[in-house]
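Hi there,

Here is the structure I promised to pass on to you. Please open it alongside this message, and my notes follow below.

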Amino acid sequence: MNVNDRRQAILEIINKEGQVRAVELASRLNVTGETIRKDLIYLSDKNLLRKNHGSAQAISEFIERSVDARAQENAMFKREIARTALDQLNNCSVIFIDSGSTLMEMAKLLSKRPDLAIITNSFSIIQTLMDSENTIYFIGGEVASVTQSTSGFWAASELQSIRIDIAFLGTSGFQSHSGPCTKTFPDAQLKKEVLRNSNRIVVLADHTKFSTNAIVQFAEWKDIDLLITDNRVTQEQIATLEDAVDIVITPVPQ
């Protein structure tokens, strides 16, 4: 197991179990305590976990992290999920793209495709699409500097008069919930309005979201038309959702 895979394994263990002792991590991953100590320092510096004396703890499901920080995690998986999502654009002309690191990868691909009406609440996505041959609409509202996006009542109200062909949404995780979740109530409010005004809803989520929690559930899986994930997700994780939502698994080279 290389260093990146080991650190990803550490995050998945901690996000699933909440808090784990360093000596237990070393034993489970068959490495030295010093190696685990360095891994935990690295992951803590990246704000991916909280390092305590002799243990590591999952970051609270209340805390949102920056788009830039999240963009560095599982970047290859996010790019391939975004590429797969493009297959859903057939006969769609009005689309909504949520804020988030996986959605940002999709925006990069959409910048090369013309003649779409693209609605977004993400400042980063607006910048990416600025020079594309698409018509871009920005949803104003309460500004969240961490996620570089808008949400809340004003953003939701702007969507009420718009009919969207297909919406691509992100999620902060859904391990202990019956649908996709986000970390703030204003963001959930916006996503719920997107659901009400869209003909089709697609959620993009890499494999880590299956073992991560967030505080606010914004939909039931029955409200989602398609979940696109990657091939690092386990059969057990797929089994928990396969009767609730259609799932597309994106092949990513291991």
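N30 counts as exposed, because its relative accessibility of 70% is over the 50% cut-off. Please keep in mind that this is a predicted model. You will find N30 in the loop that lies between helix 2 and helix 3. Its backbone caught my eye: N30 has a positive phi of about 60 degrees, although it is not a glycine. For background, most residues other than glycine have a negative phi.

There is another residue of this kind to look at. Q148 is not a glycine either, yet it has a positive phi, of about 55 degrees. It sits in the loop between strand 7 (142-144) and strand 8 (149-151). Is Q148 buried, partly exposed or exposed? With a relative accessible area of 25%, Q148 is partly exposed, because that value falls between the 20% limit for buried and the 50% limit for exposed.

Now to the sheet. Three strands form an open sheet in the order 1-3-2, and their pairing is antiparallel. Which strands stand at the edges? They are strand 1 (19-21) and strand 2 (49-52); each has a single partner strand, so one side of each is left without a neighbour in the sheet. On average, neighbouring strands here are turned by 20 degrees against each other, direction ignored. As a reminder, strands of a sheet pair through backbone hydrogen bonds, and can do so parallel or antiparallel.

If you want to trace one pairing yourself, try strand 2 and strand 3 (residues 55-58), which run antiparallel and are joined by four bridges. A handy place to begin is L49, whose bridge partner in strand 3 is A58.

Two helices go with this sheet. Helix 2 (residues 22-29) packs on it and touches strand 1 and strand 3; the direction of helix 2 makes about 80 degrees with that of strand 1. Helix 3 (residues 33-45) lies across strand 2 and strand 3, and runs at about 130 degrees to strand 2. The loop holding N30 is the one between these helices, so to speak of it again is a good way to find your bearings.Lastly, have a look at the surface. F123, F138 and V143 form a nonpolar patch there, with about 250 Å² of accessible area together. Of these residues, F123 has its place in helix 7 (residues 123-129), and F123 is partly exposed, at a relative accessible area of 34%.

Best wishes

Notes. Residues are numbered from 1 along each chain as its sequence is written. This is a predicted model: local features need pLDDT of at least 70, side-chain atom pairs count only at pLDDT 80 or more; totals for chains, interfaces and linings use all residues. Side-chain values use heavy atoms; hydrogens and water are left out. Patches are made of residues with over 30% relative accessible area and no salt bridge: like charges are joined within 9 Å, nonpolar side chains (Val, Leu, Ile, Met, Phe, Trp, Tyr) within 5 Å. Accessible areas come from the Shrake-Rupley method with a 1.4 Å probe; for residues, only the protein chains shown count as cover. A salt bridge is a side-chain nitrogen of Lys or Arg within 4 Å of a carboxyl oxygen of Asp or Glu. Buried means under 20% relative accessible area, exposed over 50%, partly exposed in between (1.4 Å probe, protein chains only). Two strands pair if DSSP finds at least two bridges between them. Axes are lines fitted to C-alpha atoms, for helices over the stretch in contact, and angles run from 0 to 180 degrees between N-to-C directions. Contact means heavy atoms within 4.5 Å.
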